Amino acid sequence: MSSTHPSSGTRIEGAAALVTGGNRGFGRALVDELLGRGAAKVYATSRSTQPGPQRDSRIVPLILDVADDSSVAAAARAAPDVSILVNNAGISLATRVLEAPLSDIRDELETNLFGIIRVARAFAPVLALQPRSSIVDVLSALSWLSFGRGYEISKAAAWSATNALRLAIRDQGTIVTGLHVGYMDTDMTARVDAPKADPRDIARQTADAIIAGDFEILADDTTRAIKSHLSEGVTALYAHLAAA
Ligand SMILES: NC(=O)c1ccc[n+]([C@@H]2O[C@H](COP(=O)([O-])OP(=O)(O)OC[C@H]3O[C@@H](n4cnc5c(N)ncnc54)[C@H](OP(=O)(O)O)[C@@H]3O)[C@@H](O)[C@H]2O)c1
């Protein structure tokens with residue numbers, strides 16, 4: 001389910017897109033979906049070299065560390081034709097807020113929050129060259145529900161950063177979309193024993209939202225339920241607090 005339809009979004013057919021962390025997990029599923037929708041080229045980034053031939057000749061592998069200024073600047077120079085940017089790169093370090101080293105929580109913020117801002121800043125002039133362009137930030141249902149960890153702090157902050165970027169960049173014709181999703185079946189959730197969405201289904205919804213120009217994607221029932229409880233007070237989301 002998506003929300004708020006402005007007049008129109010960004011064409012995928014014939015476009016050049018860049019997906020941070022596009023070599024595995026959800027990013028890889030999204031690269032494949034964009035190619036399936038007729039993208040002319042998809043830059044799929046990874047922090048390390050991707051050896052061997054690509055599975056599709058339209059994939060352009062690119063080295064990128066979103067936590068590193070010079071790496072991000074180099075990526076923007078290497079991909080000057082992009083009209084669709086997906087800030088997908090993310091880490092989850094199981095950082096309990098009272099016990100984890102602050103350096104680990106900082107690392108999560110550096111990638112999940114500052115990575116989005118850093119990449120958006122570098123690519124804003126690139127996207128401005130296109131008549132219509134799109135940024136998708138991969139957020140989470142956990143932008144709105146805490147399990148007591150740095151990860152959720154980073155995703156809540158990234159949600160706010162997404163809202164700020166949407167306002168900051170709208171005058172150049174770039175639409176910013178926040179993707180909120182519960183568990184997906186990727187490396188990140190390998191140890192989670194719970195129902196997980198197929199990343200390909202979430203990728204399909206994301207491509208639809210890019211074309212429609214939606215501001216927000218609420219990708220599954222869990223995400224929609226969490227968001228709907230936000231206006232009901234803290235104990236609607238944290239029932240055990242009411243019992244305590
Ligand atoms: N899986 C879920 O249940 C779930 C739910 C909600 C939201 N999300 C979000 O979805 C996004 C993708 O996660 P995933 O599930 O696909 O996890 P994943 O399988 O662990 O993949 C993480 C991706 O992020 C990239 N990455 C990590 N740190 C990076 C950095 N500093 N610079 C550039 N790339 C970096 C990795 O690239 P390398 O190839 O360099 O390792 C990898 O492609 C993340 O933002 C995550 O928070 C996931």
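## Reading burial, contacts and a ligand site

Mentor: Let's start with Thr186, whose relative accessible area is 17%, so this residue is buried. Keep in mind as we go that this is a predicted model.

Trainee: Why does Thr186 count as buried at 17% relative accessible area?

Mentor: The general idea is a cut-off: buried means under 20% relative accessible area, exposed means over 50%, and partly exposed is what falls in between. Thr186 has 17% and is therefore buried.

Trainee: Where in the chain is Thr186 found, and which residues does Thr186 touch?

Mentor: Thr186 sits in the loop between β7 and α5. Setting aside residues up to four places away in sequence, Thr186 touches Gly25, Phe26 and Pro199. You can also compare sequence with space: Thr186 and Lys196 are 10 residues apart in sequence, and their C-alpha atoms are 8.9 Å apart.

Trainee: Now the ligand. Which residues come nearest to the ligand?

Mentor: There are 27 residues around the ligand, and those that come nearest are Arg47, Asn88, Tyr151, Met184 and Thr186. So we meet Thr186 again here. Two helices, α1 (25–36) and α4 (150–169), each supply at least two residues of the shell.

Trainee: Which polar side-chain atom lies 2.6 Å from an oxygen atom of the ligand?

Mentor: That atom belongs to Tyr151. The backbone takes part too: a polar backbone atom of Phe26 is 2.8 Å from a ligand oxygen atom, and a backbone N or O atom of Met184 lies 2.7 Å from an oxygen atom of the ligand. Taken alone, the ligand exposes 890 Å², and the protein buries 95% of that. The space the ligand takes is the largest pocket.

Trainee: Let me try a strand. Is Thr177 buried or exposed?

Mentor: Thr177 has 1% relative accessibility, so Thr177 counts as buried. This residue lies in strand β7, residues 174–180. Beyond its neighbours up to four places away in sequence, Thr177 touches ten listed partners, among them Ile135, Asp137, Arg166, Asp214 and Phe215.

Trainee: And a helix: what does the side chain of Thr223 reach at 3.2 Å?

Mentor: The side chain of Thr223 reaches the backbone nitrogen of Gly182. Thr223 is in helix α6, residues 221–229, and counts as buried because its relative accessibility is 0%. Leaving aside neighbours within four places in sequence, Thr223 is in contact with Ala141, Trp144, His180, Val181, Gly182 and Leu218.

Trainee: How does Gln205 count at 21% relative accessibility?

Mentor: Gln205 counts as partly exposed, because 21% falls in the range between the two cut-offs. Look for Gln205 in helix α5, residues 199–212. A polar atom of the Gln205 side chain lies 3.0 Å from the backbone oxygen of Ala219. For Gln205 and Ala128, the separation is 77 residues in sequence and 25 Å in space, C-alpha to C-alpha.

Trainee: One last feature, the backbone angle phi. Which residue has a positive phi of about 55 degrees?

Mentor: Start with the general pattern: most residues other than glycine have a negative phi. Ala94 is not a glycine, yet has a positive phi of about 55 degrees. Ala94 lies in the loop between β5 (84–87) and α3 (102–128). With a relative accessible area of 55%, Ala94 is therefore exposed.

Key:
Residues numbered from 1 in each chain as written. Predicted model: local features only at pLDDT ≥ 70, side-chain atom pairs only at ≥ 80, totals over all residues. Heavy atoms only, no water. Helix = DSSP H or I, 4+ residues; strand = E, 2+ residues; numbered from the N terminus. Buried < 20%, exposed > 50% of the residue type's maximum accessible area, 1.4 Å probe, protein only. Contact = heavy atoms within 4.5 Å. Near = heavy atom within 4 Å. Polar contact = N/O pair within 3.5 Å; in protein donor to acceptor, adjacent residues only side chain to side chain. Areas by Shrake-Rupley, 256 points an atom, 1.4 Å probe, with all protein chains shown as cover. 1 Å grid on protein atoms, 1.4 Å probe; cavity = no way out; pocket = protein on both sides within 12 Å on 5 of 7 lines; lining within 4 Å. Sits in = over half its atoms within 2 Å of the grid points.
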